[in-house]
Amino acid sequence: MVAFEHPHGMHPPQSQWELPFFDMHHRKMAPRLADWAALQSVDERDDRAACKDWVARLGRDGWLRYCVPAAHGGALPVLDSRSLVILRETLAFHSPLADFAFAMQGLGSGAITLGGTSEQQAKYLSAVATGQKIAAFALSEPDAGSDVAAMATRATRTAGGWTLNGTKTWISNGDLADFYVTFAKTDPDAGSRGISAFIVDAPRAGLDSSTHIHVMAPHPLATLRFADCQLGTDVLLGTINGGFKLAMQTLDIFRASVAAAALGMARRAFAEAVHQAKHRSMFGQHLADFQLTQARLGEMSALIDAAALLTYRAAWLRDCSTTQGAGTPAYTAAAAAAKLTATENAQRVIDMALQMFGGRGVQVGEKIESLYRDIRSLRIYEGASEVQLLILGKSALK
Ligand code: COS
């Protein structure tokens, strides 16, 4: 499955959507999206401005509607994991930042879709679907990344609602978002059973998001500092002390889509490598004529296929389960296997592709060079590879 040259740039392969995991509406949507993405041109030198631009375009042209259910302006009755997979794979093929902008609308609003009241859903979800509100998910802390239950941010009840104190960090869309779904301890001695979720509108007094974090690939991140931040009574999301499970259920949905983003980047690197192999002359022949090159392309192709099948299986399992993301053990393990395999395999595929470019591979401005930086964080965020291994190990022992 090789990408092909489109008049407006490289086009991702489409034959994977014929696999039995997908339905007719997926097969219709995918090429429309690929055509749309190929026509977009966004100046990505400033990642914050670019992210806003992508959200506006994705909202204007209806793609963000796949981040919310139909009752609130969404494209389909419920969040459909296979549509999310197609969107992320295709967007990441063209622009990892476009994929990021799309994904954050879903991850940032996912807990509202799963656990919000009808008032909360009405207030936020249709604005997320049109791109009028930018969403964020504030879970990680300086001393609580993989170990979510160790978080120290504290929410205390007041006469008027809640007060938040603490620090969240590595927050995607930090200082850009209109609201943060924020997790905080409401019963500090109860571990994972003492965490609740809150919807925090921004900007607001008591919330400082001015510390931006710069990373190796464009990605708007910031630290959030809550200092006696006063919130009303209507901000509690889901049940009191039910925040850990809500966070895990939200991550369950989006982990399979992170796998899809990694897959999109791997497919792009593979397409670039095939193009390079066919066009690069060396020792009187093309790179593609060397068996070494053919073997390398074969290895890349197998790594991509393995990642794709696990990713599509995870999405299909969730869409076809009656519980729709309620964290069934089989689905949680399938999403973990997909995220682990697709991100690790994509890193290897991109590295192999870069090697085929020689010096050009590390030249700033080359697509393969930016992919090499773009892929790295996917092995860390939304559950590092080690967390996915733990989930799979626990599941095996059950
Ligand atoms: N869906 C629903 N419930 C879940 C769940 C899921 N996917 N995973 C765990 N739970 C429940 C468990 O059933 C358990 O419930 P009870 O208290 O009723 O028994 C509870 O949550 C605690 O589960 P567990 O003991 O497995 O939690 P741990 O503290 O050991 O943490 C890991 C488990 C490491 C898997 C979790 O903390 C994790 O996913 N960490 C990574 C977080 C992450 O992705 N961070 C990135 C932030 S977003 S970029």
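Here is a short chat about what some labels on this predicted model rest on.

Me: What should I know about the model before we start?
Reply: It's a predicted model, where local features need pLDDT of at least 70 and side-chain atom pairs count only at pLDDT 80 or more, while totals for chains, interfaces and linings use all residues. Residues are numbered from 1 along each chain as its sequence is written, and side-chain values use heavy atoms, with hydrogens and water left out.

Me: Why is the pair Glu89 and Arg267 called a salt bridge?
Reply: The term asks for a side-chain nitrogen of Lys or Arg within 4 Å of a carboxyl oxygen of Asp or Glu. Here the N to O distance is 2.6 Å, so the pair fits the rule. In general, side chains of opposite charge can pair when their charged atoms come close.

Me: What makes this pair a tie between parts of the chain?
Reply: Glu89 sits in helix H3 (residues 81–94) and Arg267 in helix H6 (residues 243–279), so the bridge ties together parts 178 residues apart in sequence. Those element names come from DSSP runs, numbered from the N terminus: helices are H or I with at least four residues, strands are E with at least two.

Me: Are Glu89 and Arg267 buried or exposed, and how do you know?
Reply: Buried means under 20% relative accessible area, exposed means over 50%, and partly exposed is in between (1.4 Å probe, protein chains only). Glu89 has 2%, so Glu89 is buried. Arg267 has 5%, so Arg267 counts as buried too.

Me: What makes Arg373 and Glu369 a bridge inside one helix?
Reply: Both lie in helix H9 (residues 367–374), 4 residues apart, about one turn of the helix. Their closest N and O atoms are 2.8 Å apart. An α-helix has 3.6 residues a turn, so residues three or four places apart point the same way. As for exposure, Arg373 is partly exposed at 24%, while Glu369 is buried at 11%.

Me: How many salt bridges does a search of the whole structure find?
Reply: The search finds 18. There's also a network that links Asp23, Asp80, Arg82, Arg318 and Asp319.

Me: What makes a space a cavity, and how many of 30 Å³ or more are there?
Reply: On a 1 Å grid over the protein atoms alone, a cavity is a set of points where a 1.4 Å probe fits but cannot get out. A pocket is an open set with protein on both sides within 12 Å along at least five of seven lines, and lining residues have an atom within 4 Å of a point. Grid points are joined across faces, edges and corners, and a volume is the space filled by probe spheres set on the points. The count comes to 1 cavity of 30 Å³ or more. The largest cavity has a volume of about 40 Å³, and its lining includes Trp17, Phe93, Glu89 and Arg267. H3 and H6 each give two or more residues to that lining.

Me: What is the volume of the second largest pocket, and what lines that pocket?
Reply: The volume is about 230 Å³. The lining has 13 residues, with Leu287, Leu292, Thr293, Gln355 and Met356 nearest the centre. Helix H7 (291–320) and helix H8 (329–356) are the elements that give two or more residues.

Me: How do you know that the span of helix H5 agrees with what it should be?
Reply: The expected span is 1.5 Å times one less than the number of residues. H5 (residues 118–130) has 13 residues and should span 18 Å; its end C-alpha atoms are 18 Å apart, so the two agree. After H5 comes Gly131, with a positive phi near 85 degrees.

Me: Why is Trp54 called buried, and what does Trp54 contact?
Reply: Trp54 has a relative accessible area of 4%, so Trp54 is buried. Trp54 lies in helix H2. With contact meaning heavy atoms within 4.5 Å, and leaving aside neighbours within four places in sequence, the partners of Trp54 include Trp36, Val42, Leu97 and Ala101.

Me: Why is Phe283 called exposed?
Reply: Phe283 has a relative accessible area of 75%, so Phe283 is exposed. Phe283 is in the loop between strand S11 (281–282) and strand S12 (285–286), and has a positive phi of about 50 degrees although it is not a glycine.
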